[in-house]
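Subject: Handover of a protein model

Dear colleague,

Please find below the structure that I am handing over to you. A written account of the findings comes directly after it.

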Amino acid sequence: MFRTKRSGLVRRLWRSRAPAEGDGDADTGGAAGCCLGKPGASKPNPGTEAELKALTYSILKKIKEKQLEVLLQAVESRGGARSPCLLLPGKADARLGQQSFPLPLLLYKVFRWPDLRHSSELKRLSCCESYGKINPDLVCCNPHHMSRLCELESPPPPYSRYPTDFLKPPDSPGSVPASTETGGTAYSAPMGFSDSLALQERGEQPHWCVVAYWEEKTRVGRLYSVQEPSLDIFYDLPQGTGFCLGQLASDNKSQLVQMVRAKIGYGIQLSREPDGVWVYNRSCYPIFIKSATLDNPDSRTLLVHKVFPGFSIKAFDFEKAGSLQRPNDHEFSHQQPRTGFTVQISFVKGWGQCYTRQFISSCPCWLEVIFNNR
């Protein structure tokens with residue numbers, strides 16, 4: 001009997017499904033961290049593997065052939081290849097075991113997150129054409145146009161904390177220089193920030209942030225000025241443009257740095273959205289983030305937040321950052337970036353009191369994102 005192209009696509013899709021917990025590496029987290037609702041925290045999926053396979057086959061066979069190709073491209077590339085929206089009826093339900101799931105949610109469970117329970121755990125990525133649009137009939141079901149929401153722990157664990165004295169005005173009693181936070185290393189970000197300001201002086205399109213890439217205590221390459229609403233920062237991405245760390249010339253011969261650099265992979269997506277700046281972890285390994293707006297403004301300490309693969313976190317809130325403004329900010333901002341307007345992101349390796357690395361300047365590969373507060 002001849003096999004149709006449609007049936008071949010369906011079989012390839014089923015083979016590319018996300019493995020269940022313990023079966024392999026899906027978009028899962030692993031150990032405990034600062035994302036609530038992280039993979040592995042829920043009960044086992046209802047229904048057996050046979051029931052899931054039968055249900056998935058029946059659904060996929062009803063989808064148009066071109067749409068199956070779009071879904072397959074997204075799933076097999078793990079989101080590395082640009083794929084269009086997969087518009088399907090959003091109100092259609094499918095029953096698995098004793099539970100009923102909306103069609104989009106079921107596809108997300110099959111191809112990304114087997115432990116997914118509710119759509120409230122998801123955030124649509126800004127790259128999706130359906131982002132910010134409301135269509136009561138059709139919903140984008142492309143699983144790689146979605147991310148899991150990273151919810152902050154409350155109360156936070158008593159580790160990876162930093163004093164917030166550096167948020168005080170420079171002339172306030174007990175204030176410390178920003179360089180203390182990086183372990184007393186030479187902090188060259190101010191020089192790079194003034195480099196980026198030169199772009200505006202030449203009349204070029206104003207940027208909303210600049211990104212610096214560091215390997216331990218050394219900055220690699222020039223600052224990357226960001227004008228577009230979103231930016232991909234990656235080491236190796238099949239399709240896409242952005243800040244490619246793999247093209248930067250580095251003299252660092254450390255085996256740890258080279259190992260971590262190779263694990264950056266698809267990296268992260270940085271996007272400015274109406275409610276703030278979001279970071280989406282596209283890589284296969286956790287990232288670690290420290291931002292003054294992720295914690296209570298009255299707190300004396302800041303957390304380093306762990307973000308698992310496939311998760312998004314609102315790393316920066318411009319409205320909250322306004323409360324961190326220094327009294328003499330106009331003069332200070334021309335000397336160095338305000339600490340409250342800076343986010344630090346480390347790939348793979350964390351830092352803090354529970355790690356051998358006490359400061360981010362000891363991390364193998366990390367980013368500094370400096371926001372334009374003008």
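The following paragraphs describe the overall make-up, the cores, the strand pairing and the salt bridges.

Overall make-up

Please note at the outset that this is a predicted model. The protein chain contains 8 helices and 19 strands. Of its 374 residues, 51% are buried. The chain exposes about 18,000 Å², and carbon and sulfur atoms supply 51% of that area. Among contacts with a separation of 6 or more, 68% are between residues 24 or more positions apart.

Nonpolar cores

The largest nonpolar core comprises 37 residues. Within this core, the residues with the most contacts are V211, V279, I289, I345, F347 and F371. Strand β17, residues 311-316, gives the most to this core, namely 4 residues. I345 illustrates how the chain is brought together here: beyond its neighbours within four places in sequence, I345 is in contact with I268, V279, I287, F288, I289, I360, C365, W366, L367 and V369.

Apart from this core lies another one, of 31 residues, which includes V10, W14, L71 and W113. Two of the residues just named, V10 and W14, are also among the buried residues of helix α1 (residues 5-15). The full set for that helix is S7, G8, L9, V10, L13 and W14. The cover over the buried residues of α1 includes α2 (49-60), α3 (65-76) and α4 (103-111).

Helix α4 deserves a separate remark. Which of its residues are buried? They are L103, P104, L105, L106, L107, Y108, K109, V110 and F111. Because 9 of the 9 residues of α4 are buried, this helix is largely enclosed by the rest of the structure.

Strand pairing

An open sheet is formed by 6 strands in the order β9-β8-β19-β18-β14-β16, with antiparallel pairing. Its edge strands, β9 (218-226) and β16 (305-307), each pair on one side only. Direction ignored, neighbouring strands of the sheet are turned by 20° against each other on average. Within the sheet, β8 (residues 209-215) and β19 (residues 366-371) pair in the antiparallel sense over 6 bridges. V211 stands opposite V369 in β19. V211 is also one of the residues with the most contacts inside the largest core, and V369 is among the contacts of I345.

Strand β13 (276-281) forms a second point of interest. This strand is largely enclosed by the rest of the structure, because 6 of its 6 residues are buried. Strand β12 (residues 268-273) pairs with β13 in the antiparallel sense over 6 bridges, and a hairpin of 2 residues joins them. In this pairing, E273 stands opposite G276 in β13. Strand β13 also runs antiparallel to β17, to which 4 bridges join it. There, Y280 stands opposite S312 in β17.

Salt bridges

How many salt bridges does the structure hold? There are 11. Three pairs and one network are described here.

The side chains of E76 and R12 meet in a salt bridge, at 2.8 Å from N to O. This pair links distant parts of the chain, with E76 in helix α3 and R12 in helix α1, 64 residues apart. E76 is partly exposed, with a relative accessible area of 41%, and R12 is partly exposed as well, at 34%.

R17 forms a salt bridge with E49, and their closest N and O atoms are 2.8 Å apart. Because R17 lies in the loop between α1 and α2 while E49 lies in helix α2, the pair ties together parts that are 32 residues apart in sequence. R17 is partly exposed, with a relative accessible area of 29%; E49 counts as partly exposed at 45% relative accessibility.

A further salt bridge joins the side chains of D232 and R282 (3.0 Å, N to O). D232 lies in strand β10 (residues 230-234) and R282 in the loop between β13 and β14 (287-291), so this pair ties together parts that are 50 residues apart in sequence. Are these two residues buried or exposed? Both D232 and R282 are buried.

Finally, a network of salt bridges links D115, R117, E121 and R148.

Yours sincerely

Key. Residues are numbered from 1 along each chain as its sequence is written. This is a predicted model: local features need pLDDT of at least 70, side-chain atom pairs count only at pLDDT 80 or more; totals for chains, interfaces and linings use all residues. Side-chain values use heavy atoms; hydrogens and water are left out. Buried means under 20% relative accessible area, exposed over 50%, partly exposed in between (1.4 Å probe, protein chains only). Contact means heavy atoms within 4.5 Å. Accessible areas come from the Shrake-Rupley method with a 1.4 Å probe; for residues, only the protein chains shown count as cover. A nonpolar core is a set of buried Ala, Val, Leu, Ile, Met, Phe, Trp, Tyr and Cys residues joined through side-chain atoms within 4.5 Å. Two strands pair if DSSP finds at least two bridges between them. Axes are lines fitted to C-alpha atoms, for helices over the stretch in contact, and angles run from 0 to 180 degrees between N-to-C directions. A salt bridge is a side-chain nitrogen of Lys or Arg within 4 Å of a carboxyl oxygen of Asp or Glu.
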